[in-house]
Amino acid sequence: MKSNNDILVGLVDADLLDGGTRHPNLVLLKLAGFFNDNDIPFELITDDNADSTKYTIIYISKVFTFTKEPSFYVKAKGTPEESKFHIGGTGTYMEKKNVKEYRQMRYNDMVAFEKDEFLNSLKNHRGGRKKKGIDMARQMPYYHLYDDFVKAKIAEGKKEIHYKDYLKYSIGFLTRGCFRHCPFCVNKLENSVLPYSDLEWFLDNEINESGRLVRPNIYLWDDNFLASDVTVWKPILQKLIDSKRPFQFRQGLDERIIAESEHGEEIAQMLSKCRYHGDYIFAFDNWSDRDKIVKALKIWKHYNKKETKFYLFCGFRLTSNSDDRLYRDVWEIFQRIKILMQYGCMGYVMRHEDYHNHPMNNIYVQIARWCNQPQFYKKMSFWEYCYRNQTFWEETTMKIEHKRKWKSYDEFMVDYKNGYYDDKKICRPLQTCLDFMNKYSEHKDELLEMFSYKLVELKDPTLWERAK
């Protein structure tokens, strides 16, 4: 084996190279930590056309299926240079439809580091039973891996806050797994939630010159933390509280557990007393779960006064000609939004990449732009948002001053038929809304009702208030 001075490891965040992400790659952070423990030189490769010949071995992590493989890796394929590359991550197998193939590829990816000859030649410095090779659960991330990249971006004029996930957070999994079997999820074949890492294994305690924590916050990638046994989630949650650091479960928490579990009230009480970072985030992915979500919201809103947000999954399995599925999907989005508005909660539309398949996919874009921006969602209906875009365009482009910023659909149609818009462009959000209503004209009344949902009008505290 070469001496450490003759080795240079390349680490590649494929998603970062192909358009960028808002958060660092945890696998690469842990690999960097492992190499740092062993005094092995390593670099984060941030050039898509980098010279791969300078590296002894290269690890590529690819989270998303739509991420392109790095150009230098594509060029190396079929040459002797290819042997130095090790590529993995959910993006390499997530799109596989065959269950057997998916299961095998996921297993191979999960155990790849266990079988890695180079990694197994190096000492594990993090305790446990493993003497050599990386223990991914116990490995402390090297949080400075992206420092040069972030500095370069800030020097180009990017704001530092854009890179807060790289700079201000300790990152890890406390548990792994789920039992929901959601077909769009990487955990669709898993059956349980088990403990994974102890908090101290990834909690960064670095102090800056002012004596303050460099990374004062914690974010967690747990798949379904609350679905673990009470003997697991309760002491871990207490440890998070005792850390006195703001923390957040980035993939959201399973609100249904509050309704399903005998410990639902206790879960709501403990979470509501946490020093939680940002909004509490849950998921309302399936309309079929509405009864459980409502039951859980009645408990949750009783204890929690802080803003709560729900991911709203949509666009899955949409095809170019699935018109009925498109309408049903949009209908379900708005029905979920209505329930959230009634309970004073925010929505956040999460589109599966399948939404691109339908020619009317822009309806998802406009719903997301409205729903995902609190200043719009809280005070405007979807129709008002679409028409306010028209008003804004007329004021800024055509210099037409409007004392009243929006019109009802009926008012708009009167002006449209009278020729007001003959010499004016109709903006994309409004045109998309109109096209959708024309496409499904038999549902016009239903659509007008849904497109008029507004939080300030629907919020009803009596739904969760309890008699004293």
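Helices here are DSSP runs of H or I with at least four residues, and strands are runs of E with at least two, numbered from the N terminus. On that count, the protein has 18 helices and twelve strands. The model is a predicted one.

**Whole chain**

Start with the full C-alpha trace. Along the principal axes, the C-alpha atoms fill a box of roughly 80 × 60 × 55 Å. The radius of gyration is 25 Å, close to the 23 Å that the globule rule gives for 468 residues, so the protein is as compact as a globular protein of that length.

**The sheet β5-β8-β9**

Next, select residues 169-172 (β5), 217-220 (β8) and 247-249 (β9). These three strands make an open sheet with parallel pairing, in the order β5-β8-β9. β5 and β9 are the edge strands; each has a single partner, so one side of each lacks a neighbour in the sheet. From one strand to the next, the twist averages 20°.

Zoom in on the β5 and β8 pair, which is joined by four bridges. To find one position in the register, pick serine 170, whose bridge partner in β8 is isoleucine 218.

**Helix α7 on the sheet**

Add residues 230-242, which are helix α7. This helix packs on the sheet and touches β8 and β9. The direction of α7 makes about 145° with that of β9.

**Helices α7 and α9**

Keep α7 and add helix α9, residues 264-272. Two packed helices are described by the angle between their axes and the distance between the axes. The axes of α7 and α9 come within 10 Å and cross at roughly 15°. Angles under 35 degrees count as roughly parallel, and α7 and α9 are therefore roughly parallel to each other. Their crossing is left-handed.

Now show side chains. On the α7 side of the contact are Trp233, Lys234, Leu237, Gln238 and Ile241. They meet Glu266, Ile267, Met270 and Leu271 of α9. By class, the residues of this contact are six nonpolar, one polar and two charged.

**The sheet β10-β11-β12**

Move to residues 280-283 (β10), 308-314 (β11) and 346-351 (β12). Here three strands form an open sheet in the order β10-β11-β12, again with parallel pairing. Which strands stand at the edges? They are β10 and β12; each has a single partner strand, so one side of each is left without a neighbour in the sheet. The twist averages 30° from one strand to the next.

Between β11 and β12 there are six bridges, in the parallel sense. Select leucine 312 and then valine 349, its bridge partner in β12.

**Helices α11 and α12**

Finish with helix α11, residues 323-342, and helix α12, residues 362-371. Their axes lie 12 Å apart and the helices pack at an angle of about 10°. α11 and α12 are therefore roughly parallel to each other.

Display the contact residues. From α11 these are Leu326, Asp329, Val330, Ile333, Phe334, Ile337 and Met341. Facing them from α12 in this contact are Ile363, Tyr364, Ile367, Trp370 and Cys371. The contact has eleven nonpolar residues, no polar ones and one charged.

Definitions and conventions: Residues are numbered from 1 along each chain as its sequence is written. This is a predicted model: local features need pLDDT of at least 70, side-chain atom pairs count only at pLDDT 80 or more; totals for chains, interfaces and linings use all residues. Side-chain values use heavy atoms; hydrogens and water are left out. Two strands pair if DSSP finds at least two bridges between them. Axes are lines fitted to C-alpha atoms, for helices over the stretch in contact, and angles run from 0 to 180 degrees between N-to-C directions. Contact means heavy atoms within 4.5 Å. Angles under 35 degrees count as roughly parallel, over 145 as roughly antiparallel, 65 to 115 as roughly perpendicular and the rest as oblique. A crossing is left-handed if the near helix is turned anticlockwise from the far one by less than a right angle, and right-handed if clockwise. Ala, Val, Leu, Ile, Met, Phe, Trp, Tyr, Cys and Pro count as nonpolar, Asp, Glu, Lys and Arg as charged, and the others, Gly among them, as polar. The radius of gyration is taken over C-alpha atoms; the globule rule is 2.2 Å times the number of residues to the power 0.38.
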